[in-house]
Amino acid sequence: MIDGVKQPERGRRTIRHSAPLRAVHWLTVVLVGFLFVSNWLREASPHGTDIRKWWLQSHELAGLTVFALTLWRLGLVKAPGTGRLAQGGHAVFYAFLLILPIFGFLWAWFGASTRIAFWTLSAPMPRNMFMVHVASMVHSHLVAYVFLALIAGHVLAVLWHMLVRRDRLLSRML
């Protein structure tokens, strides 16, 4: 028994998560990976170039998609057999998956950006460089690096279940 949830015995079939939950999970994994890669590629591109703008717009579109997927995921039924520790860890993940795009949006908003993702908007607010700085620090440094640590912890937990516990937890999400 883990966190009050009875685990399947060895040799018994593991209960899989629903297809929508698995799809949202793996699509989010791919998009979050793309978010980090697109940001690194944007940073490596020369300032003022079309490719740098394209990477930024792709990053913003992926971030908006992750935000929407996370909201949808919160509406899905809780995964069966998920213990309290896992529920708490997932709640922290969902918070980060919502906070990151919110602060990315605020960064653009207070910077009076006229483009978010591939859409042109009218400047929503006058430029406020203090808020641009705060939003960019939260989005790019504080939250993003803590989120990387959470991802590493999540991967380590999966490896623990695979290699030490051998409880086939990963097969529930495959």
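In what pattern do helices and strands follow one another along the chain? Read along the sequence of this predicted model, the order is α-α-α-β-β-α. The count behind that pattern is four helices and two strands. The chain has 174 residues, and 32% of them count as buried. Contacts in the chain tend to bridge long stretches of sequence: among those between residues at least 6 apart, 74% join residues at least 24 apart. The paragraphs below take the helices in turn, starting at the N-terminal side.

Helix α1 covers residues 19–44. Its 26 residues should span 38 Å at 1.5 Å a residue, and the end C-alpha atoms lie 37 Å apart, in agreement with that value. The buried residues of α1 are Leu21, Arg22, Val24, Thr28, Leu31, Val32, Leu35, Phe36, Ser38 and Arg42. Their cover includes α2, α3 and α4. Leu35 offers a good view of this arrangement. It is located in α1 and counts as buried because its relative accessibility, 14%, is under the 20% limit. Beyond residues up to four places away in sequence, Leu35 touches His59, Ala62, Gly63 and Val66, and each of these four also appears among the buried residues of α2. With Gly63 the C-alpha to C-alpha separation is 6.9 Å, although the two positions lie 28 residues apart in sequence numbering.

Arg42, another of the buried residues of α1, takes part in a salt bridge. The structure holds one such bridge, and it joins the side chains of Arg42 and Glu43 at 2.5 Å, N to O. Side chains of opposite charge can pair when their charged atoms come close. The two partners differ in exposure: Arg42 is buried, with a relative accessible area of 12%, whereas Glu43 is partly exposed at 46%.

Helix α2 follows, at residues 50–75. It has 26 residues and reaches 38 Å from its first C-alpha to its last, close to the expected 38 Å. The buried set in α2 consists of Arg52, Trp55, Gln57, Ser58, His59, Glu60, Ala62, Gly63, Val66, Leu69, Thr70 and Arg73. Helix α3, at residues 84–110, has 27 residues that should span 39 Å at 1.5 Å a residue; the end C-alpha atoms are 38 Å apart, which agrees. Buried in α3 are Phe93, Tyr94, Phe96, Leu97, Leu98, Leu100, Pro101, Ala108 and Phe110.

How do α2 and α3 pack, and at what angle? The angle is about 145°, and the axes are 9 Å apart. The crossing is left-handed. On the α2 side, the contact is made by Gly63, Val66, Phe67, Thr70, Leu71, Arg73 and Leu74; on the α3 side, by Tyr94, Leu97, Leu98, Pro101 and Ile102. By class, these residues divide into nine nonpolar, two polar and one charged. Thr70 is a handy residue to follow here. Placed in α2, Thr70 counts as buried because its relative accessibility of 2% falls under 20%. Leaving aside neighbours within four places in sequence, Thr70 is in contact with Tyr94, Leu97 and Leu98, and these three are buried in α3. Gly63 is worth a second look as well: it belongs to the contact with α3 and is also touched by Leu35, a residue of α1.

The C-terminal part of the chain can be read through two residues. Gly153 is placed in helix α4 and counts as partly exposed, with 35% relative accessibility. Gly153 and Gly89 are 64 residues apart in sequence, while their C-alpha atoms are 9.5 Å apart in space. Met173 lies in the segment after α4, which covers residues 129–165. Met173 is buried, with a relative accessible area of 14%. Which residues does Met173 touch, not counting those up to four places away in sequence? The contacts are with His17, Leu21, Arg22, His25 and Trp26; of these, Leu21 and Arg22 are listed among the buried residues of α1. The C-alpha atoms of Met173 and Ile15 are separated by 9.4 Å, with the two positions 158 residues apart along the chain.

Conventions. Residues numbered from 1 in each chain as written. Predicted model: local features only at pLDDT ≥ 70, side-chain atom pairs only at ≥ 80, totals over all residues. Heavy atoms only, no water. Axes fitted to C-alpha atoms, helices over the stretch in contact; angles between N-to-C directions. Left-handed = near helix turned anticlockwise from the far one by under 90°. Contact = heavy atoms within 4.5 Å. Nonpolar A, V, L, I, M, F, W, Y, C, P; charged D, E, K, R; others polar. Salt bridge = Lys/Arg side-chain N within 4 Å of Asp/Glu carboxyl O. Buried < 20%, exposed > 50% of the residue type's maximum accessible area, 1.4 Å probe, protein only. Expected span 1.5 Å × (residues − 1).
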